Amino acid sequence: METSIKDEWLLPRIKKDIPKLDENNFIVAQAPGSEFLVGKSLKEIGEMYEMKDSRDALLRLMQAMQLKGSVLYKNLDAALIARAIASPRSLIASNAPSVPDALSGEKHFKSERSTSTFSAFLSLVEENKIMPFEDAVKKITSTPAQKFGIAGSGAIKEGNIADLVCLRGNEIKFTVVNGRVVEKENEFQAVFPGKTLRHSIPRRSGKKSA
């Protein structure tokens, strides 16, 4: 593939097959060896390389990263997402870790998927009146805990694990894991009190047949 994007005969044919891209919602998340590109949009990269066509900018980016980087491209159908969120069968989860650059060894662009999934969900629910706010909170706390059989989690009550998030409006003020503050005002507190969550398998009732 790397040879193909450098081939003068193939390059215009590859460009022809690339669909139209939203330059502002195409962000470089990881670029080993070219970390100055991390966090830049395709539009900014096009301007940097003096390329007006976003497809030319994309191909130049692929060459610069030697196909070893990763990008984030937001092209979701907002109306469809709202319908999915409203379904009683849906749960909300983040799908990316938030790892400090010092621990990972390289620079990463931290998207909202890893830093504000749940606050963004609650804001979306509240702004668009998708469901009662209490139901939205359950969808990211007690409902998944019950669904996956995680005992002692998902609700604030005596005897449960003290995993808490305090929000003011759409902003996370602090996070408590196992009774200890691990994040406050967007600053990691360098403590690791978390424990592996184990799900319990419900016992089946009834007698075994001989």
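V176 stands opposite V181 in β5, and this cross-strand contact is a handy way into the sheet of this predicted model. V176 also has a partner in another strand, since L164 is bridged to V176 in β4. The strand in question, β4, covers residues 171-177, while β5 takes in residues 180-184.

Zooming out, the sheet is open and has 4 strands, ordered β3-β4-β5-β6, with antiparallel pairing. At its edges sit β3 (164-168) and β6 (187-188), each of which pairs on one side only. In general terms, the strands of a sheet are held to one another by backbone hydrogen bonds, in a parallel or an antiparallel arrangement. Between β3 and β4 the antiparallel pairing runs over 5 bridges, and between β4 and β5, again antiparallel, there are 4 bridges.

The turns in this part of the chain are short on residues: β3 and β4 make a hairpin with 2 residues between them, and β4 and β5 do likewise, also with 2 residues between them. Each turn has a residue with a positive phi. In the β3-β4 turn that residue is G169, at about 70°; in the β4-β5 turn it is N178, at about 55°.

How much confidence does the predictor attach to all this? The protein averages a pLDDT of 85, and 87% of the residues score at least 70. Broken down by element, the highest mean, 94, belongs to helix α2 (residues 42-48), and the lowest, 54, to helix α5 (residues 101-104).

On the aromatic side, the structure holds 2 pairs. One of them joins F26 and Y73, whose rings are tilted, with 5.6 Å centre to centre and 55° between the planes. F26 belongs to strand β1 (residues 26-30) and Y73 to strand β2 (residues 70-73), so this pair ties together parts that are 47 residues apart in sequence. The two rings differ in their surroundings: F26 is buried, because its relative accessible area is 6%, under the 20% cut-off, whereas Y73, at 30%, counts as partly exposed.

The other aromatic pair brings together F188 and F192, this time edge-to-face, with 5.4 Å centre to centre and 65° between the planes. F188 is partly exposed at 48% relative accessibility, and F192 is exposed at 69%. F188 also falls within the range of the edge strand β6 (187-188).

Turning to charges, a search of the whole structure finds 6 salt bridges. Among them is the contact between the side chains of K6 and E2, at 3.4 Å from N to O. Both ends are partly exposed, K6 with a relative accessibility of 48% and E2 with 28%.

Another of the salt bridges links the side chains of K15 and D53 at 3.6 Å, N to O. K15 lies in helix α1 (residues 11-17) and D53 in the loop between α2 and α3 (54-65), so the pair ties together parts that are 38 residues apart in sequence. K15 has a relative accessible area of 22%, which makes this residue partly exposed, and D53, also at 22%, is partly exposed too. The story does not stop at two residues, though: K15, D53, R55 and D56 are linked in a network of salt bridges.

Then there is a salt bridge inside a helix. The side chains of E47 and K43 meet at 3.9 Å, N to O. Both residues lie in helix α2, 4 residues apart, or about one turn of the helix. E47 is exposed at 53% relative accessible area, while K43 is partly exposed at 36%. Their host, helix α2, is the element with the highest mean pLDDT.

Finally, the surface has a greasy spot. L76, I81 and L124 form a nonpolar patch there, with about 260 Å² of accessible area together. L124 is found in helix α7 (residues 117-128) and counts as partly exposed, at 30% relative accessibility.

How values were computed:
Residues are numbered from 1 along each chain as its sequence is written. This is a predicted model: local features need pLDDT of at least 70, side-chain atom pairs count only at pLDDT 80 or more; totals for chains, interfaces and linings use all residues. Side-chain values use heavy atoms; hydrogens and water are left out. Two strands pair if DSSP finds at least two bridges between them. pLDDT is the predictor's confidence in each residue, from 0 to 100. Patches are made of residues with over 30% relative accessible area and no salt bridge: like charges are joined within 9 Å, nonpolar side chains (Val, Leu, Ile, Met, Phe, Trp, Tyr) within 5 Å. Accessible areas come from the Shrake-Rupley method with a 1.4 Å probe; for residues, only the protein chains shown count as cover. A salt bridge is a side-chain nitrogen of Lys or Arg within 4 Å of a carboxyl oxygen of Asp or Glu. Buried means under 20% relative accessible area, exposed over 50%, partly exposed in between (1.4 Å probe, protein chains only). Rings of Phe, Tyr and Trp (its six-membered ring) pair if their centres lie within 6.5 Å; planes under 30 degrees apart count as stacked, over 60 as edge-to-face and the rest as tilted.
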